[in-house]
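Work through the exercises below with the structure open beside you. Try each task before you read its solution.

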Amino acid sequence: MIAHHTLTGPEDAPVLVLGNALGTTTELWNDFSLPFRLLRFDHRGHGGSAPVPGPCEIEDLARDVVELLDHLGLRQVHYCGVSLGGMVGMWLAAHTDRISRLALVSTTAWLPDKKRLDDRIALLRSRGMEPAADAIVERWFTPGCAPDVVARFRAGLLEVDLPSYLACAEAVRRMDLRPDLAKIDVPTVVIAAAQDRATPTELVRHTAEELPDSELYVVGDAAHLAVVEAPRTISVILDDHFGNDQAWCRATSRALPLPDRG
């Protein structure tokens, strides 16, 4: 199965693959304008991608991306992923030579506290997505996010194939990419959101500190889907990272006190 995807932008520009958070689609990146050829794709059962029956692991989702790159004849690409998309990016960078530069947004290499995810999975299995949707979307955005944006992403969440969502959520629950972090030898930028309750700043920081060649930014006025609430700020970070061919220093931290609602 080839994942649903779009490939837009100048044909002679470097390809930047954009990986979505669990429960979101390529719409996640609608407000981005970057000087790259943008490859957006949907995870299994999300957006235009068909469901794949049965359980999966992060590796399986990453191999979906490899299959897509092979289908398009792309040997090596830049990659930016949010949450689940970032976990996929970590696996790809650790286990393949397809990623030249990596960006990780609101993501982690492991979940030290699985109770909240366990509770969500139990609710989804017993009652479906509708009763869980408000609690999921509440963690995606700050209270000041525009109501129409929140409503749009909630509606998109309800359209995701439930078995596929559960398979991906359980893959996240089982995931432990910590042993892979030392294998990632490409320049990496890690972006946390100060108001993110799903992947708090300190959890994201732990991941950044284990990467051999990384830089950590903290975006102040955003929650888990920081690419929606602060697209301009994050676009600047990504443009600098993916457009910069100079050697990177080992992991440092920089705060960005730049409120941005896009």
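The exercises that follow deal with a predicted model.

**Exercise 1. Strand 3 and its partners**

Task: Find how many residues of strand 3 are buried, and which strands pair with strand 3.

Solution:
- Step 1. Locate strand 3 at residues 37–41. Of its 5 residues, 5 are buried, and the strand is mostly covered.
- Step 2. Sort the side chains by direction. Arg 37, Leu 39 and Phe 41 point one way. Leu 38 and Arg 40 point the other way.
- Step 3. Look for the antiparallel partner. Strand 1 (residues 5–8) pairs with strand 3 in that sense, over 4 bridges. Check Arg 40 in strand 3: Thr 6 stands opposite.
- Step 4. Look for the parallel partner. Strand 2 (residues 15–19) runs parallel to strand 3, and 4 bridges join them. Here Val 15 stands opposite Arg 37.

**Exercise 2. The setting of Val 77**

Task: Decide whether Val 77 is buried or exposed, then list its contacts beyond four places in sequence.

Solution:
- Step 1. Place the residue. Val 77 belongs to strand 4, which covers residues 77–82.
- Step 2. Apply the cut-off. Buried means under 20% relative accessible area. Val 77 has 2% relative accessibility, so Val 77 counts as buried.
- Step 3. List the contacts. Val 77 touches Val 15, Val 17 and Leu 69, and also Arg 98, Ile 99, Ser 100 and Arg 101.
- Step 4. Compare chain and space. Val 77 and Asp 97 are 20 residues apart along the chain. Their C-alpha atoms are separated by 9.5 Å.

**Exercise 3. Two pockets**

Task: Describe the largest pocket and the second largest pocket by volume, lining and residue class.

Solution:
- Step 1. Start with the largest pocket. Its volume is about 480 Å³. It is lined by 22 residues. Nearest its centre lie Leu 111, Leu 117, Arg 120, Arg 139 and Ala 198.
- Step 2. Name the elements. Helix 2 (84–95), helix 3 (115–127), helix 4 (130–140) and helix 6 (162–174) each give two or more residues to the lining of the largest pocket.
- Step 3. Count classes. The lining of the largest pocket has 13 nonpolar, 4 polar and 5 charged residues.
- Step 4. Turn to the second largest pocket. Its volume is about 170 Å³. Its lining includes Arg 116, Asp 119, Glu 138 and Arg 197. Helix 3 and helix 4 each give two or more residues to this lining. The largest share, 5 residues, comes from helix 4.
- Step 5. Count classes again. The lining of the second largest pocket has 4 nonpolar, no polar and 6 charged residues.

Conventions:
Residues are numbered from 1 along each chain as its sequence is written. This is a predicted model: local features need pLDDT of at least 70, side-chain atom pairs count only at pLDDT 80 or more; totals for chains, interfaces and linings use all residues. Side-chain values use heavy atoms; hydrogens and water are left out. Buried means under 20% relative accessible area, exposed over 50%, partly exposed in between (1.4 Å probe, protein chains only). Contact means heavy atoms within 4.5 Å. On a 1 Å grid over the protein atoms alone, a cavity is a set of points where a 1.4 Å probe fits but cannot get out, and a pocket is an open set with protein on both sides within 12 Å along at least five of seven lines; lining residues have an atom within 4 Å of a point. Grid points are joined across faces, edges and corners, and a volume is the space filled by probe spheres set on the points. Ala, Val, Leu, Ile, Met, Phe, Trp, Tyr, Cys and Pro count as nonpolar, Asp, Glu, Lys and Arg as charged, and the others, Gly among them, as polar. Two strands pair if DSSP finds at least two bridges between them.
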